[in-house]
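User: Please go through this model with me and explain the basis for each term as it arises.

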Amino acid sequence: MDIGDLAESIKERLGVDREVVDDEEEASIRSSKVVRGDLCDARELRDRLVDEYCGCDLEEVFGCSLVENGYGEFFHKEEVVDSCLCCPSCSVEDVLCDLKLVYGIGVSRERELKEEGYESIRELIDHDRWGGRARETLEKFDSGGLDSGLDVISRWKSSSDPLFLKYSGFYDVGDFGILDIETMGLGAQPVILIGLGLPMDGCIEFHQFLLKDFDQELAALKSFYDKIRDRKAVLTFNGKSFDVPFLERRFSFYGEDWSLDQSHFDLYHFSKRAFGDELPNYKLNTIEREVLGIERDIDVPSSMVPEFYKTYREEDNPGPLIPILRHNKQDILTLNSLLSELKEELVDE
Amino acid sequence: MNKVQQTDKIMDAIEGVRGSGWYREQIEEIRELPGEEPEFEEVELKDEIREYLDRNGIDLYTHQARCIEEVRGGKDVVLSTPTASGKTLAFNIPVFEDLIEDKDARALYIYPTKALSNDQLESIKEMDDELGLDVDPGVYDGDTSRGAKRKIRESSRVILTNPYGLHHYLPWHNKWKNVFKNLEYIVLDEVHQYRGVFGSNIAFLVRRLKRVVEHYGGSPQFILSSATIANPGEFSKKLVGRDFEVVSRDGSGSGKKYFVFWNPLEYEDQSIHVQTSNLLSYMVDGGLQTLCFTVSRKMAELISKWSDESSDKKIMAYRAGYKPRERRIIEQGLREGEVRGVASTNALEVGVDIGGLDVVLMSGYPGTMISTWQQAGRAGRGNDASAAFLIAFENPLDQYYMNHPDRFFEKSHEHAIIDLDNSNIAIGHLLCAASELPLKENEWLTQNNQEELNHLKNEDILHETPNGVVYGGEKRPAEIVELNNISQDIIKIILNGKLLGTMDRAQAYREAHENAVYMHQGETYVVQELDLDDKVAYVKKREVDYYTEPQSQTDIKINEKQETKTHKNLKINLGNVEVSEFYLKYKIMENDKVIATEPLDLPPINFKTESTWITIPKETIRELEEKDMDIEGGLHAIEHAMIAMAPYHAMCDRWDLGGVSTKNHTDTQKPTIFLYDAYEGGIGITEKCYQLINELLQTTYELIKDCDCENGCPSCIYSPKCGNDNEPLDKQTALTILKKLTKNQNKKTT
């Protein structure tokens, strides 16, 4: 094999092994599997879009603009969407009534203490045995800043504990950044689209940073980072294990030490806990359909996103990007609604 | 026991064998290797380390002292000394001294296997505990939980891992920032295992590791440890890309050793393995602690079982795959002397501390001199006498040594080969590197592989950016690059919709053609279909008592002649060739007998590789033809014997080489014998054969000449992988030709 043939055969092997299955149940377990019907529909959609948008200009189609920021060029779309992030405020006392946040206190000890009349960590500070530790904990909540309180909760609670949700009430609407990304794969590949919702009073300022091509990734990452760095909290669906580490890895790939170390509310874990028994799987699409009653019109399965982006690159045709951008935007809006829904569930409990 | 007593005991045992009922003159040779006194050297040490050594009654050997001083002097060091000479301590001391001094300093220890890193963790932990440091060493591999991994990255100052893991961790380097930033040492242990295809892959992996570490500002020193090899300096430089200080003068000393050559073929009625187990139980019953190395897991089990049955004492088996606890018990038993006899695979050849034994039996030549001396080195406690038995198999190289013991003892350790110019290997690692950090123009990887880089850009897999060249494909490149493999043409084996394994195309043709019996981890499967378009073989699990063996014919075409040399009237060439293997039928075998032959319908396999070929003058052939000799049989026999002897000269396995012989080759228009590297792109073996061709022809001649058989046998000219059923073969013609070809040297040596 000469080197040209080698490169070609490597390219072949780098394509995703798409396992096509007939059963939807099976497809939902692993994302590399795709249902046969969905695959056909998606390819049909892609071909239709290629035909329809042949020769069209990407900026016109999406109403976005090509931005140059010193790091390179990327497509940026900005719009304001009417929607409000439900963020009922929460008082610190709501959280402090959980005595288990004090080191050494477990379920049964808490019960005993409550029976003795200690309702809150605040009331515990003069307790002979627990006073010292209660004071330490209290200090973290009272004067340590939002992060420090969240750290205390993270240490003692599982990531799906409703206390986290409650705690999100400490943050103002304007503290959040809602994040969702589309990528070429799950590992060492580039990101292709970053969606960011910045809730304001009564609306969401919505941004999309789209890669013009792989060689301009850093430019998109940079502008995205500048937008999110001031937000105190990140809201995602499965972002703790995917979106955030993925982005941080891309930053470090380019030698940038930017980090996304804000407070992080990952709705995946809460959803699993709240709706687990009622749903066939915990995909965002399923939750939005079954719980929020949202139906998407044209959509692309996540596993097909790389294929659509590749078509855009190879054919220089904006068509296949349409469902990716819509999909991403819808994910962010869904997250917004999902937080409200989860909080309502919490109140119902 | 004093030295004289031990020597007598060993000698008595060896001589005693001659009196046993199963002795038929199998001892071909007993060679006495004199012992050497250990040499010690004082080194200035930190108080903590000095106390640690004193407490454990350790004096430093000269090579350990030198290693410590070179490392302290900031040099990259390779330590190439025999097994059990205290290599681990030699690099642990300077590393730990630094860890005491600098509380942020980190070290990364890389072992060839998971099992080895687990074994070594114990001794490093012990040292850490005794020194009262908080180094907190940890093994980081596929078995480490996610939580433990985070803790190790955060706080372990010595991290032990293996290349397979590292290959997949590198893209996640941002998590390793603090480790890499403070990385002072990279220790690569047992580096002689990193040779050939595996080693060439590791050389690229090490370069990927270096660039990521340097990216975070780390500038570690490298410390390599190796068994004795012929070229530690050159080898280390290829592996790491730096100049190394070589420490190879062993100061550990040794006792007297008797090396016994045992040829089971002298007693035809008793199998090699039965004789091996007889020897094992005989030695154990004679009060000698004995370790027997076998070639396979199955033989380790069988030999321990058979010898256990005939011995008064317990004889155990040891191999990879046992639970760590079971292995620890055997290791400790060996160390403390309670376990008297063990049959083991080469899992006990390296690393694991089992102390010194009285006798080592090697059932079959272990394949390389390096392994042979490593295994033999397991015998010998301090300065006590010991014995090592080489028990020959019925194959050419083993039998050659039985007939030429001098050749064995005068032979130096092999050259370890690494090839940095094989595009098949380079191209995969380029992709991996570009997915880890953008490739810049001034890097070694970029400069050394410009052509591969350009092709990958043309294929739109790599992309030029203002920050360097980056990866933009769908899969993680590390997923498709296998450290043991070279080919990019990979077939998947699928059982009930699940992936059972992968193999390259050539292997699939041999083991996974339609109706082939495919063996995998002791289970048998029958191949239902080999789909070459989708590169998938579908198998079903079946218990069968037959196996299949395909037969192939090979065509070879010369693409480019690079070098030619003339020796007497013989022309020897080195160059690039194109090999086509045609798989036309397969045999169904039961108990080594052919029960049927079926046709195969497969397109030929074509690949380009390196070859060395010899053309023989037509006059020589004409003379023989006039005497009615079988020229084709003669050339074919020489080809087989040369391939069998190649591992004597270059470190390789006979399966790493292929051969073709013909009375008249289209490209040369002469009688020609080709040897070629059986790997796409070549891996440097036939190049070594070209350099050593006189020696190779000489040993080939000796092999055939000194074999007792009349018309050829598995000990000389038969090949287990011959595509033509070992036909035609003609021993006498082969000898006549070789005699003419090596005439000059024979005169010199006699």
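Analyst: In chain A, 36 Å separate the centres of domain 1 and domain 2, taken over C-alpha atoms. Domain 1 of chain A covers 56–87 + 171–348 and domain 2 of chain A covers 92–158, with bounds from an automatic or database domain assignment. This is a predicted model, in which local features need pLDDT of at least 70 and side-chain atom pairs count only at pLDDT 80 or more, whereas totals for chains, interfaces and linings use all residues. Residues are numbered from 1 along each chain as its sequence is written, chains are lettered from A and ligands numbered from 1 in the order in which they are written, and side-chain values use heavy atoms, with hydrogens and water left out.

User: How do you know that domain 1 of chain A and domain 2 of chain A are in contact, and how many residues take part?

Analyst: Six residues of domain 1 of chain A and four residues of domain 2 of chain A take part in the contact, a term that requires heavy atoms within 4.5 Å. The two domains bury about 360 Å² between them, 57% of it from carbon and sulfur atoms; buried area is the accessible area (1.4 Å probe) that two parts lose on being put together, summed over both. The count of salt bridges between domain 1 and domain 2 of chain A is zero, and the count of residue pairs in polar contact (both at pLDDT 80 or more) is also zero. Strand β9 (residues 263–266) of chain A gives the largest share of the domain 1 side, three residues. By class, that side holds two nonpolar, two polar and two charged residues.

User: What makes the pair A:Glu12 and B:Lys535 a salt bridge?

Analyst: The closest N and O atoms of A:Glu12 and B:Lys535 are 3.7 Å apart. The pair qualifies because the rule asks for a side-chain nitrogen of Lys or Arg within 4 Å of a carboxyl oxygen of Asp or Glu. Across the interface of chain B and chain A the rule finds three salt bridges.

User: How many residue pairs are in polar contact across that interface, and which elements of chain B contribute to it?

Analyst: Seven residue pairs are in polar contact across the interface of chain B and chain A, both residues being at pLDDT 80 or more. A polar contact is a pair of N or O atoms within 3.5 Å; within protein, one must be able to donate a hydrogen and the other to accept it, and residues adjacent in sequence count only if both atoms are side-chain atoms. The elements of chain B that give two or more residues to the side touching chain A include α17 (423–436), α19 (450–458) and β17 (490–495). Helices (H or I, at least four residues) and strands (E, at least two) are DSSP runs, numbered from the N terminus. α17(B) gives the most to this side, with eight residues. The chain B side divides into 16 nonpolar, 16 polar and 14 charged residues. In total, 46 residues of chain B are in contact with 37 residues of chain A, and the area buried between the chains is about 3,800 Å², of which carbon and sulfur atoms give 58%.

User: Why is the pair B:Arg407 and B:Glu702 called a salt bridge?

Analyst: The side chains of B:Arg407 and B:Glu702 meet at 2.8 Å, N to O, so the pair satisfies the rule for a salt bridge. It is a pair within chain B, where the rule finds one salt bridge between domain 1 and domain 5. Five residue pairs are in polar contact between these two domains. Helix α15 (residues 396–403) of chain B gives six residues, the largest share of the domain 1 side that touches domain 5. Domain 1 and domain 5 of chain B bury about 1,300 Å² between them. On the domain 1 side, B:Pro396, B:Tyr400 and B:Arg407 lose the most area, together 42% of what that side buries.

User: What makes the peptide bond before B:Pro728 noteworthy, and where is this residue found?

Analyst: The bond from B:Glu727 to B:Pro728 is cis, with omega near -15°. B:Pro728 is found in the loop between α25 (693–705) and α26 (731–749) of chain B. Another backbone feature concerns B:Asp460, which has a positive phi of about 70° although it is not a glycine. B:Asp460 is found in the loop between α19 and β15 of chain B.

User: What is the mean pLDDT of chain B?

Analyst: The mean pLDDT of chain B is 90, and 98% of its residues reach 70 or more; pLDDT is the predictor's confidence in each residue, from 0 to 100. Over residues 745–750 of chain B the pLDDT is below 50, and this stretch has five contacts in the model beyond near neighbours in sequence.

Key. Ala, Val, Leu, Ile, Met, Phe, Trp, Tyr, Cys and Pro count as nonpolar, Asp, Glu, Lys and Arg as charged, and the others, Gly among them, as polar.
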